[in-house]
Amino acid sequence: MDLDAYVAEHGHEWRRLELLCDRRRLDVDEIDEMIVLYQRTATHLSALRSRAPDPALASRLSQLVLRARARITGRQRASWSALGRFLTVGFPAAVYRAWPWWCAVATGFSLLSGFLIWYVAGNPGTAAAFIGPDAAADLVDSGFAGYYTEFSAPTFAFHLWTHNAWIAAQCLAAGVLVVPVLYLLWQNALNIGVVGGVMVSYGRSDVFFGLITPHGLLELTGVFVAAGVGLRTAWAWISPPEHLGRGRSVAEAGRSAILVAVGLVGLFAVSALLEAFVTPAPVPVALRVGVGAAVWLGFFAYVVLLGRRAVAAERAPAERVDPWLAELWPSTDPARAWHPTSRPPR
């Protein structure tokens, strides 16, 4: 290929495309012209790369093609509507779909932690074997309560936020392997069991539960959700639905896990604020626990109400039957499904 002749032949088209890209407003004819020139320039770029590679010219045309493509397709920008849809549809629906998994994780974790607290409290030698008698005494005297006031509240909140988000990320990312998730859950259950057992054995159960409850309800729920969604991804690989292949099943579960991961960043930010500012606050225990329980119940209501509505809307028939009506008159037989303009069955 004669590169000079090729540039002389098509250079006017490239310059015209540059001119159209620089204009702020284009009429209909200019838009059509830009599309044609964009397609031709992309073809020219492909021919130059294969026949007469010239780095400078290829770079110039690559930038021109990218500019034209961005101008034609438009740039996707973050918007408040997209954020609102994520908060009202995407995240709650992803959490709601996985509720059997994270509820099972929560049940197993709570039973295991409760058993460990009971066992360690009833067998003081067990606590000594884990952390030693001196450390146990220090934990009861000031170590446990001092943990929440050792650092300034903003620094402590940021540390908690990143720590909990990292644990959730590990559960979500390693969920398909199953064992890492179970190991992380065991570590956390063992930590709660040993510390709680020591506090209970020394008669300080009120201090333990009074400090861990305000933030622990929401924080542990976030961990349960992450672990449950991670294990759900593993099950999508182990036993995919009949209508989906293994790859597609895992891909859909992975997309849902990404939505949950993004949403949990906000949840752990709230739990970190509770742990840094509410848990050590010099107010009655009932007030601190009440604040934490209210936030926790608010999250549950958010997931159940918005998530259930979003999932129901996804399952609505092609006629876009209202989800509330579809729940009142479900029909698994497409031949018996009623049209929204007809009277509902009685």
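The protein chain contains 13 helices and 0 strands. The model described here is predicted. Read from the N terminus, the order of elements is α-α-α-α-α-α-α-α-α-α-α-α-α. The chain has 346 residues, of which 36% count as buried. Among contacts with a separation of 6 or more, 74% are made by residues 24 or more positions apart.

An annotation in the unreviewed UniProt entry marks residues 101–121, 165–185, 218–238, 258–279 and 285–305 as "transmembrane region". Two of these spans were examined for their secondary structure and end-to-end separation. Residues 218–238 are 100% helix and 0% strand, and the C-alpha atoms at the two ends are 30 Å apart. For residues 258–279 the helix content is 95% and the strand content 0%, with the end C-alpha atoms separated by 30 Å.

The largest nonpolar core comprises 55 residues, and Phe144, Phe208 and Leu264 have the most contacts inside it. Two or more residues of this core come from each of helix H4 (80–97), helix H5 (99–122), H7, H8, H9, H10, helix H11 (246–278) and helix H12 (285–314). The most, 12 residues, are given by H10. Apart from residues up to four places away in sequence, Leu264 touches Phe91, Ala168, Gly222, Val225 and Ala226. A second core, separate from the one above, has 16 residues, including Trp14, Cys21, Leu57 and Ala58.

The largest pocket has a volume of about 580 Å³. Its lining consists of 23 residues, and those lying nearest the pocket centre are Tyr147, Tyr148, Asn191, Glu219 and Glu275. Helix H7 (133–146), helix H8 (153–173), helix H9 (179–201) and helix H10 (205–238) are the elements that give two or more residues to this lining. With 7 residues, H10 gives the most to the pocket lining, and H10 also gives the most to the largest nonpolar core. By residue class, the lining of the largest pocket divides into 12 nonpolar, 9 polar and 2 charged residues.

Asn164 lies in helix H8. Because the threshold for burial is under 20% relative accessible area, Asn164, at 5% relative accessibility, counts as buried. When residues up to four places away in sequence are not counted, Asn164 touches Glu219, Phe268 and Ser271. One of these partners, Glu219, is also among the residues nearest the centre of the largest pocket.

Phe209 is located in helix H10. The relative accessible area of Phe209 is 40%, so the residue is classed as partly exposed, the category between under 20% and over 50%. Outside the neighbours within four places in sequence, Phe209 is in contact with Val200 and Pro214. Phe209 and Met199 are 10 residues apart along the chain, and their C-alpha atoms are separated by 9.4 Å. Phe208, by contrast, is listed with Phe144 and Leu264 as having the most contacts inside the largest nonpolar core.

Note on methods: Residues numbered from 1 in each chain as written. Predicted model: local features only at pLDDT ≥ 70, side-chain atom pairs only at ≥ 80, totals over all residues. Heavy atoms only, no water. 1 Å grid on protein atoms, 1.4 Å probe; cavity = no way out; pocket = protein on both sides within 12 Å on 5 of 7 lines; lining within 4 Å. Points joined across faces, edges and corners; volume = space filled by probe spheres on them. Helix = DSSP H or I, 4+ residues; strand = E, 2+ residues; numbered from the N terminus. Nonpolar A, V, L, I, M, F, W, Y, C, P; charged D, E, K, R; others polar. Core = buried A, V, L, I, M, F, W, Y, C linked by side-chain atoms within 4.5 Å. Buried < 20%, exposed > 50% of the residue type's maximum accessible area, 1.4 Å probe, protein only. Contact = heavy atoms within 4.5 Å. UniProt positions renumbered as here; feature names shortened; annotations may be inferred.
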